[in-house]
Each structure stands twice: as C-alpha cells, then as structure tokens.
Amino acid sequence: MILTGDTKTFKRAVLEYGVNGNKNSNAEEWNVLLQWLDPAGKKNHQLKPPNLLVKTMIEKLLLGSNDYQLLSNIQDYYCWQCRVYFYNEYKRIETLNELKRIERHVLFPLKYIPIFEGNNRVENEVRLFGNYLLKTNKKVMSRAVERLRNRMLEDDFELATEIVDYFDYCQTDSTSIVLDIILDKIEQFCQLHYTRKWNKRYLIMETFNQFISQYWDQLSSLLFCQEDNHTITNTLYKYFEKQFISIRTNEIFDICISNPASVQPTLLELRKEISTVNDFNCVVVELLSKFNLKVINPSIVTADALFLYIRTIKTFSILDPSGRYLQTISSYVKPHFRQRKDLVHLLLFSMLGLDETDQLNTMPSQVSEEKLTALTNELKDTEICSYTEESDDVVDPMIGSFSKEEDSMVLEQVIKRYMEWIPEVPTSFGKGILSDHKLDLFDILLELLESKETLVIEFKNLLTKKLLDLRGYTLDKKWSKFLSLLKKRFDNRSTETMDEEDLNNINTIDIMLRDIYKSRQIATDMQLDLHNTNVKVYPKIVSALYWSNNSDTQSKAGDFEMDGELEHLLELYSRFYSQKQIGQKLELRRDNGSVSLNLSFLDGRTVHCKASLRQYSVLTLFKSPKHDSNFPTEGLTISELCARSGMQSKQIADILRYWVSKDVLYFSDGKYRTLEFLRWKGDSTYAAIPDVLEESVVERSSQHEDKQENHVERALPYIKDILLNLGTLKIDKLHALLQSAMPKDSHYSTVNQKQLQDYLDTLVEEGVLSSASNDSYKLPQIR
C-alpha cells in the first residue's frame with residue numbers, strides 16, 4: 001500500500017475526524033492514545049501493557065466504534081509511524097535478533113488494540129522491511145547466514161529451522177543459502193569419512209548413504225522439498241564424488257608410498273571417478289610437488305628415494321594402467337636420480353637381493369642392510385626378482401641347463417608340456433590390478449640410468465667378483481635369472497635393438513660362465529686323478545682376454561713365495577691340465593685365490609676363516625709349536641717376513657693386521673707370534689702394530705706410489721694417440737688398450753685403473769684432455 005504525506009498530516013487526520021466524530025472525546029485524549037501507539041515516541045508502550053489511563057482511552061475512543069474512516073485513518077497513521085521507526089533504526093541494526101526486537105516492538109500494541117482485524121497491513125510492513133533489510137544490509141545478512149551455517153554444521157537443526165523460517169517469513173529465498181551450507185556440511189562429513197580410508201572399495205556410496213540416512217530428513221525440511229527429490233540427491237551425490245577426488249588428490253603422495261595391496265581399493269575407485277584430463281593433471285602435479293620435497297630432495301639418501309619411487313610406480317600404475325601419466329612422472333624424476341652416483345649399485349644389489357652373506361665387499365656406502373632388504377622385498381613380486389631362493393650348478397650358457405641324458409628328449413618334453421598345458425583360472429574377479437596389468441618396472445628403472453650399458457657393466461663386475469670368490473661351482477639362481485632378464489630386454493630381435501657394447505658385455509658374461517662350467521668339469525676329472533690329495537681345490541680356469549677387464553684379475557705385480565705344499569698341489573693341477581688340453585698352459589693369478597682354513601690352537605680354540613693366498617702364505621711362515629709349553633714360540637719380525645715371502649712391507653703390515661684381528665697372531669717384543677693361548681693377548685706387552693712400523697710402511701708406500709706415478713706419466717703419448725684415433729673412450733677401455741699397447745719395460749702392468757683415472761683427471765685440470773659423461777675422456781677441441 002502506498003502512503004503519501006508526513007506524520008503531522010496523518011496525525012491531524014486522526015485528531016480532526018476523532019474529535020468531530022466523537023463528541024465525548026477531546027484532542028488531549030487522542031494525543032495520549034497516539035503517543036502510546038507511536039513506536040518511535042518517547043511515551044510509547046515500551047513493550048508493557050497499557051496503564052489505566054490508556055486503557056480508558058482505548059475503551060472510550062476505539063472499542064465498539066464502527067466508524068470505518070476513523071479506523072482507516074488510525075491504521076494509516078500507525079503504518080506510517082512504523083515505516084518512520086524502521087528507517088530511523090535501519091543503520092543501527094547489525095544482527096537478526098535486533099531486527100526481530102524492532103518487529104516485536106511494532107507488533108506489541110496490536111494485542112490490545114484490534115484496529116487491524118480483517119487485514120494484516122502491519123505484518124506486511126514488517127515483512128517488507130525485513131526483506132528490504134536482508135537484501136540491502138550485507139552485514140546483517142552475512143551474520144545471519146553465518147549463524148545458520150554454524151547451527152547446521154553443529155547439527156543444531158532446531159535453531160537452524162527457526163532462522164530458515166524467519167527468512168521465509170521475510171519473503172527471502174533461502175534455498176541457495178541452505179544448499180551451500182549443505183555442501184559445506186558434506187565437505188566436513190567427507191573429511192571425516194574419506195581421509196586415510198584407503199582399504200574400502202565403494203566408499204563414496206557408503207558415505208553418501210550414511211549421510212542421507214543421518215541428515216536428509218532435517219535437510220529436506222530446510223529446503224522445503226520432498227525427501228524423494230532425486231534431482232537434489234543426485235546433485236549431492238556428485239558433490240560426494242567431487243570431494244572424494246579432491247581429498248584423494250591431496251593424499252596421493254601418501255597413497256603412492258603405501259603398500260599397493262592396501263591402497264588398491266581406493267585407487268580403483270579414484271580411477272573410476274576421474275573423468276577429465278584436468279583432474280588427472282591435478283593428481284600428477286600434487287604428486288610431483290610432494291615428490292620434489294620428500295623424495296628427490298638431495299638430503300634424502302638414494303636408498304630411501306629409490307624405495308619410495310619403486311613403491312610409487314607400483315601404486316600409481318593401478319591408477320594409470322595405460323602408463324601415460326606414469327611416463328610424465330618418470331621423465332620428471334630421471335634428471336634428479338642420474339645425479340646420484342650410487343644409483344646403479346643400489347639397483348643391482350636390490351634386483352639381485354644381495355646382502356652381507358655374498359661377501360662381495362662392494363656394498364654401497366651409507367646404506368643399511370634393512371634398507372637394502374626393503375628394496376629387494378619391494379621388487380620380489382615383479383619380474384625382476386621373480387626367482388626363487390635356490391642355488392644351482394653353473395651351466396654352460398652356450399648349451400643350456402639340460403643334462404646329457406635329457407638332451408635327446410628336449411623335443412619330447414616341449415611337446416608334452418604343450419599337450420598337458422591347462423590355462424590358469426582366476427580365483428576371483430578383480431583380485432588385483434597388478435596381476436592383470438603387466439607392470440614393466442624393469443624398463444622404468446632402467447630409464448633412471450644415463451645408459452643401459454652402465455647396468456650391464458656393473459653386473460659383469462659384480463658377477464666376476466662373485467665367480468672368483470665362489471667356493472665350488474654352485475651359484476645362486478638369482479644371478480642366472482637376472483642374466484636371462486638382461487638378455488630378454490636387450491635381445492637384438494626385439495623392437496629396441498641392442499647396443500653393440502651391451503652385446504659385447506653380455507657375450508663376455510656368457511664366456512665367463514662357460515669358463516666356470518668347464519672349470520667344474522676339469523676339477524672333477526682332476527679330483528678323480530689326484531685322489532690321494534687331502535686338500536680340495538676348486539680351480540677357476542678363465543679366459544684371460546675376457547676376464548681382463550676386471551681390475552682384480554689384472555694385477556701380476558708383486559709375486560710372493562707360497563706355501564710349498566700348496567704350490568706343489570697347484571703344480572700338479574697345472575700339469576694335469578696341460579696333459580688334457582694339449583698346447584695350453586695355466587698361469588696362476590695369485591692375487592685372486594682364496595683359502596678356507598680351520599685353525600687349531602693349544603688352548604683348544606678353533607678359528608674358521610677365509611684368507612687370500614697372500615694372507616695364507618704369510619701365516620704358513622709361523623710354525624706351530626711342537627710342545628705344550630705355556631710360553632710363546634719364537635716369532636718373526638717385519639723384515640724377516642718380507643725376506644721370506646717376497647712381499648713389500650706395506651702388504652705384510654696389512655696381512656698382519658688381519659691375522660691379529662682374528663686372534664691368530666700377536667705382537668710382542670718387536671716380533672709376531674702365534675697366539676696359542678688367548679691369555680697372551682691380555683699381556684701388557686701385547687700390541688697390534690708398532691708406530692715405528694707404521695711410519696716405515698708409510699714411507700715405503702709413498703716411494704712405491706711415486707714409482708707408480710712415473711709409470712703412468714710414460715703413457716701420455718700413447719693416451720693421446722689412442723684418443724686421436726678412436727675418439728671418446730671410457731676409463732676401462734682406455735686402460736685395457738694401454739696394457740696392450742705399452743711395452744713391457746714401461747712397467748705399465750703395475751698401474752691399476754684407479755691410478756690411471758687420477759692421472760687423467762689431472763690432465764683434464766691442466767687442459768691436456770677433456771672429460772665427458774660416464775667417466776669418458778677425449779682430446780680437447782682445437783679452436
């Protein structure tokens with residue numbers, strides 16, 4: 001209703017018509033009544049019932065009056081005063097409760113003066129003002145919404161209903177507000193029920209059903225809709241899916257470094273829900289950001305970083321079986337892993353499952369046995385480590401693993417296996433994505449290396465150490481299985497042709513295994529022919545050309561006197577071999593042999609140990625006492641040991657340290673003696689190695705190193721000629737070529753690969769040579 005005028009106009013209309021229409025009334029009485037009604041007046045009702053004077057005025061002037069014009073004038077006056085009061089209070093209203101207080105103030109007089117019977121003009125004024133205030137006063141509206149949100153999130157639906165009802169009373173649409181708050185409540189609910197719940201498959205549906213059963217009755221009433229309104233419930237379900245994607249995206253790093261079996265259900269559900277490339281990109285970006293911080297950070301040791309990367313590959317492949325995004329992750333981390341020099345060693349040790357029992361003395365530094373075991377266990381369910389923990393005799397790789405008896409039945413065995421083959425039936429549907437999807441983890445790990453050749457070379461070096469240290473001819477199957485895996489991946493018949501260097505290295509490994517296989521056959525024949533010997537000898541008859549790349553097999557320098565009995569036995573073996581292999585002669589590599597000993601002492605001790613030929617030869621110089629005296633036998637000095645063994649003092653000192661640590665020898669009065677009784681070790685005269693000897697050893701060692709440097713320096717012209725003709729070469733190839741090219745009187749055979757590399761690094765610093773990647777060297781470019 002439109003009202004025009006002002007307070008005086010409406011008041012004058014009431015007074016004139018009231019006084020003239022009712023002769024028993026006067027203007028003063030009407031003023032008292034109008035002042036009590038005026039919500040903005042100082043003498044209004046103050047939310048208190050009318051006093052006696054006002055009651056008298058109401059009864060005298062209004063009750064029982066049928067004058068329509070008078071009632072209309074009074075209604076116009078009161079509505080106008082309400083508007084004045086509302087807009088005077090507009091700027092002071094800050095909360096919904098203050099608005100309600102004003103409304104109560106306005107509606108209070110109507111309880112006692114029924115002047116609005118039959119119409120709701122004042123209520124309409126109140127509603128319109130509430131609607132206007134909520135639309136224009138952002139502070140009041142925001143506080144009202146915040147209060148509604150708090151009530152709903154705290155499950156106080158009674159107060160929430162009051163707020164929503166008041167919005168409806170003020171003709172303000174609250175549907176969108178309530179929906180937004182419901183979404184906030186869903187987000188809160190999902191945080192509680194989704195976070196770190198990775199082992200449940202249909203988590204979205206279960207969480208949605210739980211939410212609906214718990215809250216939908218109250219929420220539907222706040223939305224003023226039916227409970228079976230599927231349009232709204234479908235919208236809410238989609239928001240549950242959206243929240244699942246969001247939470248799993250934030251958790252993706254923790255998921256990926258967890259056990260794949262435990263997180264497989266949630267990854268399968270996430271894979272089903274991700275429908276856009278943008279969602280997948282968000283997952284990858286979040287994963288790489290955490291990866292950059294917690295995995296490829298330089299402060300993280302390589303073993304931990306590699307373990308987390310392998311775990312990530314296995315888990316992320318469940319989410320991305322196509323490998324499209326997995327390739328992105330691999331490309332991102334490759335440069336960081338390639339900066340780690342111990343990566344190839346860790347990969348080989350974990351793939352082969354090596355530990356301290358292998359005794360290769362090449363365990364990566366700063367890596368605990370627990371971490372290596374964890375890496376190996378992580379690879380066990382993959383093709384890389386699918387071998388069983390068994391051992392087998394080394395077989396001839398050129399022939400295969402069939403025995404002579406089985407050789408004639410190979411074709412029959414193949415036909416029989418084909419005819420009796422029965423396909424495997426899966427025990428349950430969807431048991432594991434890892435069993436359905438062949439994860440090519442080996443190729444992914446190879447991509448971390450700058451070249452595949454590095455892995456093959458390191459494997460060849462490890463296998464060389466293993467074969468030379470092998471007692472007997474029984475080799476763990478993991479070595480042959482891993483070699484088969486290398487051949488399978490580097491096969492030149494595959495789509496990716498094999499590099500020539502890789503082919504040469506693998507062929508070299510086959511020849512090494514063939515040498516061991518033939519050595520076993522020859523050793524068996526030797527044992528039958530030399531049956532009268534009590535000492536078992538396991539000769540490794542190797543092809544020097546193919547084993548020469550290993551630095552341990554190259555050293556011919558420093559011959560020494562061996563024990564006569566052992567040397568005689570080895571001579572018998574050599575003579576037997578020359579008789580069987582006419583035209584061939586064995587050459588003993590003394591630095592590579594080892595002896596297993598059982599040492600007995602007068603106090604009843606027995607020491608079991610493994611020693612090199614040098615260590616054994618020095619020990620045989622100490623004769624065991626032929627009496628039971630409690631006093632030590634006559635010992636030997638360093639100079640005496642050097643003279644009898646033909647070794648240098650530094651070598652003797654290292655060997656003596658070894659036997660002293662094994663409680664086999666002890667030092668006293670300038671000499672070394674056999675420790676027949678442990679109580680001698682507690683003697684005050686006992687010591688390991690005197691300081692004077694240390695100084696002597698260091699002095700002689702420095703003189704020996706000076707000589708070695710002179711031998712290396714003589715090779716400079718040959719180094720330049722080789723690099724000029726062949727271009728860039730790696731250190732091992734250059735070392736082998738120099739050994740073939742240098743004359744014997746240059747004594748280059750006494751130089752090892754480490755000394756050559758130090759010399760080449762010095763030439764690089766001086767600008768004579770240039771260095772390339774992978775320990776390669778070349779001549780500098782002429783500008």
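Which residues in helix 23 meet Trp479, Phe482, Leu483 and Leu486 in helix 24? Hold that while I set the scene.

This is a predicted model, where local features need pLDDT of at least 70, side-chain atom pairs count only at pLDDT 80 or more, and totals for chains, interfaces and linings use all residues. Residues are numbered from 1 along each chain as its sequence is written, and side-chain values use heavy atoms, with hydrogens and water left out.

The chain has 34 helices and nine strands. Those are DSSP runs, numbered from the N terminus: helices are H or I, at least four residues, and strands are E, at least two. Of its 783 residues, 44% count as buried, meaning under 20% relative accessible area with a 1.4 Å probe, protein chains only.

Now the helix pair. Leu455, Phe459, Leu462, Leu463 and Lys466 are the helix 23 side of that meeting. Contact here means heavy atoms within 4.5 Å. Helix 23 spans residues 452–469, helix 24 residues 477–489. Their axes come within 12 Å and cross at roughly 155 degrees. Axes are lines fitted to C-alpha atoms over the stretch in contact, with angles from 0 to 180 degrees between N-to-C directions. The two helices are therefore roughly antiparallel, the term for angles over 145 degrees.

Next, a hairpin. Strand 5, residues 665–668, is covered on both faces. Leu665 and Phe667 are buried on one side, Tyr666 and Ser668 on the other. Strand 5 pairs with strand 6, residues 671–674, in the antiparallel sense over four bridges; pairing takes at least two DSSP bridges. Tyr666 stands opposite Arg673. Two residues lie between the strands, and Asp669 takes a positive phi near 55 degrees.

Terms used. Buried means under 20% relative accessible area, exposed over 50%, partly exposed in between (1.4 Å probe, protein chains only). Angles under 35 degrees count as roughly parallel, over 145 as roughly antiparallel, 65 to 115 as roughly perpendicular and the rest as oblique.
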